[in-house]
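Student: I would like to learn how to read helices, buried residues and cavities from a set of coordinates. Could you take me through them one feature at a time?

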Amino acid sequence: MGQINDIASVTLENEMDLILAHKRSMRLAELSGLSLSAQTTFATAVSEVSRIIIEGGRNGSLVLCVENEPREKNIIARLKAPNLSAEKVKKGLEYAKRLVNNYKVSTQDYETSIELYYYISPSFRIDILKLDEWRNHFRNEPLVSPYEELRRKNDQLQELSEKVKKSESQYRTLTNSLPLIIFSLDFSGQIIYANEWLSKLTGYSIERLNAGGWKNVVHEEDYELFNLHFKKGINKNTHSIKIQSRIKNSISGDYLWHEVSFTSFKNENDELENWIGYIVDIHKQKIFEETLKDNAELKQTQSELKEQQVAMETVIEELNRSNQELQQFAFIASHDLQEPVRKLLFYSDSLLGKYAPSFDSKGVEYLTIMHASALRMRILIHDLLTFSQINKSEINYRQIDLNELANTVKLDLEMLVTEKKAQIHINQLPSVDGDERMMRQLFTNILNNALKYSKAEVSPVIHITSKITGEYYELSFRDNGIGFEEQYLPQIFTLFQRLHSREIYEGTGLGLAICRKIVELHNGKIWAESKPSEGATFFIHLPI
């Protein structure tokens, strides 16, 4: 085993910590050079075990590590929890162990440790500088939610408290040096410690504040809410409290707005010892907010915004109506266009079949071009009609066995499959909720696309597989065709977009646009990966 280096950690106490564990596992996998699917696989395994620990209320922990061994490198998730039963361990590993390359379980001093290993093969060197860079990334990663900010501040406060507990003198020196009122409360709401800033603000000692219950300090309109926590004591199950009150300044005699916060402080045995509170002057901010509320100009702006909102809702309603009318127009136009195109095909086919000898070579050429153009027009009308008919309101949901569906589509394409000498391999596929007609169109378009863009003189081979990724079934359609540059990926799912000329490959540029619309209507997503001459793989996510 190589050297194991700790990179980041998460305390596992609630559902928000589960989100942090998943996010940081994904990020470490990304930094290690893993693909998106591999990142998701590793993070899912970590989440499965983390969830069991959190549901059991075990107050566990997660440490993300990197094993930097010359021959083999791994990212490791080390999860620990006290008194975790064998049944819970088995349940947590039931699915997770299938997602990782290796795992280890050990118990020592009533604490269970579960290690999940995922093999990595980065294209870069993992040295001390790289490891420090990753640690700094997690240490300084941007906050994306109030909970993460609260967790980080709370962790910093806990870390600060642990350090200053070793020396009361250092603690007093530190807290007095901060431009912040810091104090501690026992379970009855009595102050047991406060830095010098509290007495400077209030003009009262700790003893007088405890005896008077802050009555001479807090504004009478705010006192009832403020004293509620001190009088009855803070609920031990509460993690943190924030209240805003006006506190009297002993020097000026003015009542200034302050934010008073309480945070639970626990010892090394995870037992609540006391409460740590701090008071922050927010008077200027509060006055600014109240000024804004009374500002006539702001009220006028709010009125205008409401008018704009009403106007925007009207525009949205008109757009929806226009969109519906456009769909109806496309449907009717497609129907009306079919008859003249059908006649063009009939008469041009008849002229070429019966009267071709009566025309010179130029006339035959013109008729052939006309017949081919009419044929393309019929295909385009058919595709437009199909696209206009795909509507969310018309989805008829039911359970669909994708194995039966895939084999049915394969049978529909039998002539093209035989002509191309193609092989279509269908692995075990799931059953999903969806519209059978749309799903059949989806499979038909993707398989037809793979057959169309096959290499010359190379028999097409197509593999259809599936797996579970998070809350989705992931379907993949892999072929050995001509492929494409991934820079054109956004283009291939757009209406009328083609990567090849019509003379080389037939088509209207609507097939994959139809696929995208069907998948999005089923609350999924579609994308592709490819390289020129190395085939392409189309991926589809459908909700489980």
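Tutor: What follows goes from the overall fold to single helices, then to a cavity and two individual residues. Please keep in mind throughout that this is a predicted model.

Student: How many helices and strands does the protein have, and what share of its residues counts as buried?

Tutor: The secondary structure comes to 17 helices and 17 strands, and of the 544 residues of the protein, 40% count as buried. One can also ask how far apart in sequence the contacting residues are: among contacts between residues at least 6 apart, 63% join residues at least 24 apart.

Student: How should I read the length of a helix, and what does α1 span?

Tutor: The general idea is to set the expected rise of 1.5 Å a residue against the distance between the end C-alpha atoms. Helix α1 covers residues 15–31, and its 17 residues should span 24 Å, so the 25 Å between its end C-alpha atoms agrees with that expectation. Helix α2, residues 36–55, has 20 residues with an expected span of 28 Å, and its end C-alpha atoms are 28 Å apart, which agrees as well.

Student: What is found at the start of α1 and just after it?

Tutor: At the start of α1, a side-chain oxygen of N14 comes to within 3.0 Å of the backbone nitrogen of M16, while just after the helix G33 takes a positive phi of about 90°. Just after α2, G57 likewise has a positive phi, of about 60°.

Student: Which residues of α1 are buried, and how many are buried in α2?

Tutor: The buried residues of α1 include D17, L18, L20, A21 and R24, as well as S25, M26 and L28. In α2, 15 of the 20 residues are buried, so this helix is largely enclosed by the rest of the structure.

Student: Turning to cavities, how many of 30 Å³ or more does the structure hold, and which residues line the second largest?

Tutor: There are two cavities of 30 Å³ or more, and the second largest contains about 30 Å³ of space. Its lining is made up of I446, N449, A450, I462, F477, R478, D479 and F538, which by class amounts to five nonpolar, one polar and two charged residues.

Student: Which elements supply that lining?

Tutor: Both α15 (436–452) and β15 (472–478) supply at least two residues each, and the largest share, three residues, comes from α15. Helix α15 has 17 residues and reaches 24 Å from its first C-alpha to its last, close to the 24 Å expected at 1.5 Å a residue. Among its buried residues are I446, N449 and A450, each of which also appears in the cavity lining. At the start of α15, a side-chain oxygen of D435 reaches to within 3.0 Å of the backbone nitrogen of R437.

Student: Is T537 buried or exposed, and which residues does T537 touch?

Tutor: The cut-off for buried is under 20% relative accessible area, and T537 is buried because its value is 14%. This residue sits in strand β17, residues 536–543. Leaving out residues up to four places away in sequence, T537 touches S476, F477, R478, W527, A528 and E529, and of these F477 and R478 are in the lining of the second largest cavity.

Student: Where is N210, and what does its side chain reach?

Tutor: N210 is in helix α8, residues 206–212, and a polar atom of its side chain lies 2.8 Å from the backbone nitrogen of I191. Aside from neighbours within four places in sequence, N210 is in contact with Q190 and I191.

Key
Residues numbered from 1 in each chain as written. Predicted model: local features only at pLDDT ≥ 70, side-chain atom pairs only at ≥ 80, totals over all residues. Heavy atoms only, no water. 1 Å grid on protein atoms, 1.4 Å probe; cavity = no way out; pocket = protein on both sides within 12 Å on 5 of 7 lines; lining within 4 Å. Points joined across faces, edges and corners; volume = space filled by probe spheres on them. Helix = DSSP H or I, 4+ residues; strand = E, 2+ residues; numbered from the N terminus. Nonpolar A, V, L, I, M, F, W, Y, C, P; charged D, E, K, R; others polar. Expected span 1.5 Å × (residues − 1). Buried < 20%, exposed > 50% of the residue type's maximum accessible area, 1.4 Å probe, protein only. Polar contact = N/O pair within 3.5 Å; in protein donor to acceptor, adjacent residues only side chain to side chain. Contact = heavy atoms within 4.5 Å.
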